[in-house]
Amino acid sequence: MFSYRHVFHIGNLADVLKHSTLVACVKHLLLKEKPFMVLDTHAGAGKYSTTDPLGRNKMEWQSGLGKLVTIMEKKNYLPSIIYDYLKLVIIHNNGNQIKNIPGSPALASMLLRKNDRLWAFELHPSEFMNLEKNFSGSNKKVILEKSDGFISYRKLLPPISRRGLIFIDPSYENRNDYEKTFFYVKEGLKKFETGIFVIWLPNIQRYEVKKTLGKLKNLKIKNFYHVRVQFKKNKSNSLGLLGSNLVIINPPFGIEPKLDEVSSFMENTAELHE
Ligand SMILES: C[S@@+](CC[C@H](N)C(=O)[O-])C[C@H]1O[C@@H](n2cnc3c(N)ncnc32)[C@H](O)[C@@H]1O
């Protein structure tokens, strides 16, 4: 686990998919006045600079977020969920020049109202320091905790308002993360069965992915959505990351067709594969 740094991957298509989904789910929770809680079990550093010396030439955002900003500038078609996410990135940058990319905690915190809360958990010592630095001076709406997010998030369930979103985004560098994801989702649901759980898994040729998806499906939850997106074309035999799997338990009303649209947009837009 301790060699993973999200700075390399921030803004790639996998991130765009999960961050657009996060924004759409939080926007859904904003439709009612009752406050809500967002629990980000694997928060990362929160925000990332596109000139971070650690990333140097290895950052992936130009092939994802960067291309989408260009599509937006040309006023070409974008699915509404991606458009809403890009608008937040542009607000974060005070314009279309992408110098900073918000991670999941920054995106969620941008949308919170006075009584909504975000808990962000991060275990990596230096990544947690970055998270603290990035949120220093931020108000009490955001609570940061250096701990194992898999274990810690459940202590906050159910939220008093019974409204909440759990965003589970491990790096899966450690193969145990697959088993833990399933186990801690199952346990979390026992305490908060109506919560919105957004779970990211890589689309990769690995037995653990198939097994985890199968076990999540076998929970037989009435409101269950799964989308598999393949960013890389004609690479079905590749051992690398092909794309993303995204599972939503208790998906907000109307989000499924919008995410299906995002999936076919990402798979079929030529500019994203050049
Ligand atoms: C994929 S990154 C998270 C990216 C972030 N959610 C975002 O979208 O901006 C996964 C993060 O989880 C951290 N991590 C790994 N295991 C953890 C655990 N058990 N609890 C909390 N954080 C953990 C890693 O250090 C890494 O920063």
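Helices and strands here are DSSP runs, numbered from the N terminus, with at least four residues for a helix and at least two for a strand. With that in hand, Pro158 can be placed in the loop between helix H6 (149-152) and strand S6 (164-168). Keep in mind that this is a predicted model. The protein has 9 helices and 9 strands, and there is a ligand with 19 residues around it.

**Overall shape**

- The C-alpha trace spans about 45 × 45 × 35 Å along its principal axes.
- A compact globule of 274 residues would have a radius of gyration near 19 Å, and the protein's 17 Å agrees with that.
- Buried residues come to 42% of the 274.
- If you take the contacts with a sequence separation of 6 or more, 79% of them link residues 24 or more positions apart.

**The nonpolar core**

- The largest nonpolar core holds 71 residues, and the ones touching the most other members are Leu165 and Val198.
- Helix H1 (residues 13-29) is the top contributor to this core, giving 10 residues.
- Setting aside neighbours within four places in sequence, Leu165 is in contact with Cys25, Val26, Leu29, Phe36, Val38, Ile196 and Val198.
- As a rule, nonpolar side chains in soluble globular proteins tend to be buried together.

**Around the ligand**

- Closest to the ligand are His42, Gly44, Gly103, Ser104 and His124, out of 19 surrounding residues.
- Sorted by class, the shell is a mix of 7 nonpolar, 8 polar and 4 charged residues.

**Strand S4 and its partners**

- S4 (residues 117-121) is mostly covered, with 5 of its 5 residues buried.
- Side chains in a regular strand alternate between the two faces of the sheet.
- In S4 both faces are covered: Arg117, Trp119 and Phe121 are buried on one side, and Leu118 and Ala120 are buried on the other.
- Strand S1 (residues 37-40) runs parallel to S4, joined by 4 bridges, and Leu39 has Trp119 as its bridge partner in S4.
- Strand S5 (residues 142-145) also runs parallel to S4, again through 4 bridges, with Phe121 standing opposite Glu145 in S5.

**Strand S9 and its partners**

- S9 (243-249) is mostly covered too, as 7 of its 7 residues are buried.
- S7 pairs with S9 in the antiparallel sense over 7 bridges, and the bridge partner of Trp200 in S9 is Leu246.
- Strand S8 (residues 224-230) likewise pairs with S9 in the antiparallel sense, over 7 bridges.
- On that S8 pairing, Val227 has Leu246 as its bridge partner in S9.

**Two buried residues, Ile199 and Pro251**

- Ile199 sits in strand S7 (residues 196-203).
- Ile199 counts as buried because 23 other C-beta atoms lie within 10 Å, and the cut-off is 20 or more.
- Not counting residues up to four places away in sequence, Ile199 touches Ile168, Thr181, Val185 and Val247.
- The C-alpha atoms of Ile199 and Leu111 are 20 Å apart, with their positions 88 residues apart along the chain.
- Pro251 is in the loop between S9 and helix H9 (255-268).
- Pro251 is buried as well, because it has 21 other C-beta atoms within 10 Å.
- Beyond residues up to four places away in sequence, Pro251 touches Asn223, Tyr225 and Glu256.
- From Pro251 to Ile90 the C-alpha to C-alpha distance is 26 Å, at 161 residues apart in sequence.

**Backbone details to check**

- The peptide bond from Leu157 to Pro158 is cis, with omega near -10°.
- Tyr172 has a positive phi of about 60° although it is not a glycine, and its place is in the loop between S6 and helix H7 (176-191).
- Tyr172 counts as buried because it has 21 C-beta neighbours inside 10 Å.
- Lys220, another residue other than glycine, has a positive phi near 55° and lies in the loop between helix H8 (207-218) and S8.
- Lys220 is exposed, because 6 other C-beta atoms lie within 10 Å and the exposed class is 12 or fewer.

Conventions. Residues numbered from 1 in each chain as written. Predicted model: local features only at pLDDT ≥ 70, side-chain atom pairs only at ≥ 80, totals over all residues. Core = buried A, V, L, I, M, F, W, Y, C linked by C-beta atoms within 7 Å. Contact = placed C-beta atoms within 7 Å. Rg over C-alpha atoms; globule rule 2.2 N^0.38 Å. Near = placed C-beta within 6 Å. Nonpolar A, V, L, I, M, F, W, Y, C, P; charged D, E, K, R; others polar. Pairing = 2+ DSSP bridges.
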